[in-house]
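User: I'd like to learn how to read internal cavities and helix packing in a model like this one. Can you walk me through it?

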Amino acid sequence: MTAQYQVQGDIALITLNNPPVNGLGLATRKALGEGLRQAQQDAAVKAIVLTGAGKAFSGGADITEFGTDKAFAEPNLHTVIAMVEQCSKPVVAAIHSVCMGGGLELSLACHYRVAAPGCSVALPEVKLGLLPGAGGTQRLPRVLGVEAALNLIVSGEALKSEFIAGVPGQKLFDKLASSPEALLDEALAFARSVADVRPLPLVRNLPCAHPQGEAYFQFARNMVKGMAKHFPAPAMCVDAVQAAASKRMFADGLVVERELFTRLMWSPESRALRHLFFAERAASKIPDVPAATPLRKIEKVAVIGAGTMGGGIAMNFLNAGIPVTLLEMKQEAIERGVGVMRKNYEAQVKKGKLKQDKYEQRMALLTTTLSYDDLKDADLIIEAVFEDMAVKEAVFRQLDAVAKPGAILASNTSTLDVNQIAAFTARPQDVVGLHFFSPANVMKLLEVVRGEKTAKDVLATVMAVAKKIRKTAVVAGVCDGFIGNRMIEQYVRQAGFLIDEGCTPAQVDKAIEKFGFAMGPFRMSDLAGNDIGWAIRKRRRVEYPDMKYSKTADLLCEQGRFGQKVGKGWYDYLPGKRDAIPNAEVVAMIEDYRKSEGITARKIGDEEIVQRLVFSLVNEAAHVLQEGIANKASDIDVVYIFGYGFPVFRGGPLNYANEVGLFNVVAAMQRFARNPHDDAAFWQPAPLLARLVAEGKHFA
């Protein structure tokens, strides 16, 4: 059973038992409803205590039911909440550990609430593009006050029970238990103390108003729209709470809440956020690596290279309390790298994000060395040296000689062949790619590159390590650029063709940033370093002589305009600032190039810019999927959301393609293929994409 019923003296105890967080799915709702009926019919029962087994009271609704018949099947959450509220015997919620979403809404229907200290309380629905849909926007303002409740609802963040209990005038908790261990006994005792109290108190009967009325809600609406312009949910949360404060009848407010919830449920933004919620969790599952695969012990880590990437990588492990040995070839390089790490930590301390003692503890875990011999005890060694195969070879041959048996050897390469790197050792099964994104101590994405001979326990171990250092890891196969960089090359190629044909860099960037990208392709290239792309194109000319590129990026690099690091690239940059300032000479260089190629500039609209950039990602992603470089479509969306600034509210390139309709995507690609200045061969739909369109399907 997903809810257990037992009687302790004159008190019925109903315990939600649906691991891991006692989600309120259909089976749990049925069992809870049956428990309430049983308690009502038992004359010996004077009161009811409702609690949760394990490590949660309840984490809320089962979101796997969203958009399915189960979400509305009886008893639905509204029905169960009404059963609790209308119970003729007192119902006391014994809240502990986690009380969120529908779980908090359920507790608000109870007549009384006893909370354990340390319990996390939240209505996090806004993070899925929704609002609390089971009375949360109507009841919470009545127990916390309008402003405090609205802040909690709009932020979706959790507060601790002891903090809430200390808020003057709060009516959410009737009692704070002396300890988590004492919660149940104290809740049972409390239930006995109120067993004969009538009438039963109902949250819905409490007053709800704000002294400033409409003016306050307009202020709140303006604030949330400015902070979340691409997301409709926060503004609708304000509308729902305003209904709680302005409607004469409680039931009328519930109607408004339900209408708004339904609108959000079917919005593309909420669909995108729910897609990402599941995609991020599914990314850790590797089809042929069982969940029970034994893990290798990772207690000591070594990082080779104290540059920007190496230092950032090291910080991830120090933050997780794992000792790190940092290797460089020269003492000045060590000092420079450690100095940057200290500067990063000190900035966090100054902003109040890190305590001084924590900073000191982390730095105390760092050891530096100039000798490979000092890496012999490391369980995981990550190289973060220059992106050149000859350099990688020298490093891995050294590691093979000094690393202990069973140590995992990882390369931070962003494009190079991990199989070739593994072949430099006598232990290819221990070699894996760990592609951190810059800045490595900030960016959440980690591409785990699986070599041909990478052992399953190595994969399982690095995925577990990624979780420990708070990264979202996605497994990629071996190819040039893996998932993310392989796709971004086509995106950047299209950006080049767009300026060949008539756009300016600023126009392209503004169009894609308006679409929702954090940064356009030319600002991104300036940030990464235009010389990096230049080196890739030089390699491409040897490997793929027929591959077409705009020559403008090469002309830019020939002028030494390598980007932000030198203060000039596609844009100009003032010292110490990242603002991109358009440069007239760059625009003139582009115009001269067009003339030399006989290209007459044409006006290109934002819609075409966005479609060519985004659909180039989609088509290459279909190739990546078909070749097995990515395990599933959702993995690609996770890569682009967390690694490349794709707009979160669109759910990633493949989720967006599904929303547009794959038929429409291919129709647009066919138009682009007729453009004489584009690459017609690229715009041939990938076989997987063509098949999905033919079968009327979408990316799964």
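Analyst: Sure. Keep in mind that this is a predicted model. Let's start with the cavity lining: the largest cavity is lined by F317, L380, L434, F436, L446, V462, V465, A466 and I469.

User: How do you find a space like that, and which elements give two or more residues to the lining of the largest cavity?

Analyst: The general idea is to roll a probe the size of a water molecule over the atoms, which shows where empty space is left. In this case, β15 (431-436) and α17 (456-468) are the elements that each give two or more lining residues. The largest share belongs to α17, with three residues.

User: What volume does the largest cavity have, and how many cavities of 30 Å³ or more are there?

Analyst: The volume is about 40 Å³, and the count at 30 Å³ or more is one cavity.

User: How do the lining residues divide by character?

Analyst: Nine are nonpolar, with no polar and no charged residues.

User: On to helix packing. At what angle do α18 and α20 cross?

Analyst: For a helix pair, look at the axes and the angle between them. Here the axes of α18 (residues 484-501) and α20 (residues 521-528) come within 10 Å and cross at roughly 120 degrees. An angle between 115 and 145 degrees counts as oblique, so α18 and α20 are oblique to each other. Their crossing is left-handed.

User: Which residues make the contact?

Analyst: From α18, I488, Y491, V492, A495, G496 and I499; from α20, P521, F522 and M524. Sorted by character, the contact has eight nonpolar residues, one polar and no charged.

Key
Residues numbered from 1 in each chain as written. Predicted model: local features only at pLDDT ≥ 70, side-chain atom pairs only at ≥ 80, totals over all residues. Heavy atoms only, no water. 1 Å grid on protein atoms, 1.4 Å probe; cavity = no way out; pocket = protein on both sides within 12 Å on 5 of 7 lines; lining within 4 Å. Points joined across faces, edges and corners; volume = space filled by probe spheres on them. Helix = DSSP H or I, 4+ residues; strand = E, 2+ residues; numbered from the N terminus. Nonpolar A, V, L, I, M, F, W, Y, C, P; charged D, E, K, R; others polar. Axes fitted to C-alpha atoms, helices over the stretch in contact; angles between N-to-C directions. Parallel < 35°, antiparallel > 145°, perpendicular 65-115°, else oblique. Left-handed = near helix turned anticlockwise from the far one by under 90°. Contact = heavy atoms within 4.5 Å.
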